[in-house]
Amino acid sequence: MECVLREWKIDDKYELAELLNNKKILDNLRDGIPYPYTAADAEEFISAMLAADKTDTFAFAITADDKVIGSVGIFRGQNIHSQTAELGYYIGESYWGNGYTTSAVKQACRYVFENTDIIRIYAEPFAYNTASCRVLEKAGFQFEGVLRSNAVKNGEILDMKMYALIKN
């Protein structure tokens, strides 16, 4: 399935709040996202993404039929990692399994590789998140290994997987 990436708009806050007010999504993301997730929380996030340095932060709304259905972002590293970047993404539960996330990841990575000096994009999904791992594999990422006991989420010690896509 095809989707369109675009810059965030403040008015997206209501659709974003609706998407992220879901424990099934939040349980697969890093901590720091409030629950319940409000339009004010969404506005704060969108404002931060719009104000971020455009050479370090590449944040996009994932849309289908002009509706926000998710988010994808690529964030440049620092120091010796300044030509690598971390990928993060999520999609609304009602859109799972339709290929939107894979399409969005491919589009975002293509944009970053074509418009920056970044040579490596990596992602670290929780090892149990097979759907996210499959998205990365379908988008061309290579599995590089398991990061054992790499995170604590909801009081549980979790393994994560390392995936990377290298610029051709």
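**Close-up views of a predicted model**

**View 1. Phe58, Phe60 and Tyr111 come together as one aromatic cluster.** This is a predicted model, so keep that in mind for every view here. Zoom in on two members of the cluster, Phe60 and Tyr111: their ring centres are 5.6 Å apart and the planes meet at 80°, which makes the pair edge-to-face, since anything over 60 degrees goes by that name. The two partners come from distant parts of the chain, with Phe60 in strand E2 (residues 57-64) and Tyr111 in helix H4 (residues 100-115), 51 residues apart. Phe60 is buried, at a relative accessible area of 13%, while Tyr111 is partly exposed at 38%. Across the structure there are six aromatic pairs.

**View 2. Two lysines park their charged ends over aromatic rings.** In one case, Lys23 has its charged end over the ring of Tyr35, 5.5 Å from the ring centre. In the other, the charged end of Lys161 sits over the ring of Phe143, and here the distance to the centre is 5.6 Å. Look out for Lys161 again in the next view, where Val146 stands opposite this lysine of E7.

**View 3. Strands E6 and E7 make an antiparallel hairpin.** E6 covers residues 142-153 and E7 covers residues 156-166, and eight bridges hold the pairing. Just two residues lie between the strands, and Asn154 in that turn has a positive phi of about 55°. Partway along the ladder, Val146 faces Lys161 of E7. As a general point for reading any such view, side chains in a regular strand alternate between the two faces of the sheet.

**View 4. E7 also pairs with strand E5.** E5 (residues 120-123) runs antiparallel to E7, and four bridges join them. To get your bearings, find Ala123, which stands opposite Tyr163 in E7.

**View 5. Helix H3 keeps its buried residues on one face.** H3 (residues 39-51) has 13 residues and reaches 18 Å from first C-alpha to last, close to the 18 Å expected at 1.5 Å a residue. Its buried residues are Ala42, Ile46 and Met49. Seen down the helix axis, these buried residues fall within an arc of 60°, so they line one face of H3. That fits the usual helix rule: with 3.6 residues a turn, residues three or four places apart point the same way. What covers the buried residues of H3 includes helix H1 (13-20), E2 and strand E3 (67-76). Turn to the face away from the buried side and you meet the exposed residues Ala40, Glu44 and Ala51.

**View 6. Thr101 is a buried residue of helix H4.** Thr101 counts as buried because its relative accessibility is 12%, and the cut-off is under 20%. What does Thr101 contact, leaving aside neighbours within four places in sequence? The partners are Tyr89, Ile91 and Val135. Helix H4 is also home to Tyr111, the partner of Phe60 back in the opening view.

Key: Residues are numbered from 1 along each chain as its sequence is written. This is a predicted model: local features need pLDDT of at least 70, side-chain atom pairs count only at pLDDT 80 or more; totals for chains, interfaces and linings use all residues. Side-chain values use heavy atoms; hydrogens and water are left out. Rings of Phe, Tyr and Trp (its six-membered ring) pair if their centres lie within 6.5 Å; planes under 30 degrees apart count as stacked, over 60 as edge-to-face and the rest as tilted. Buried means under 20% relative accessible area, exposed over 50%, partly exposed in between (1.4 Å probe, protein chains only). A charge sits over a ring if NZ of Lys or CZ of Arg is within 6 Å of the ring centre and within 35 degrees of the ring normal. Two strands pair if DSSP finds at least two bridges between them. The expected span of a helix is 1.5 Å times one less than its number of residues. The arc is that of the directions from the helix axis to the C-beta atoms. Contact means heavy atoms within 4.5 Å.
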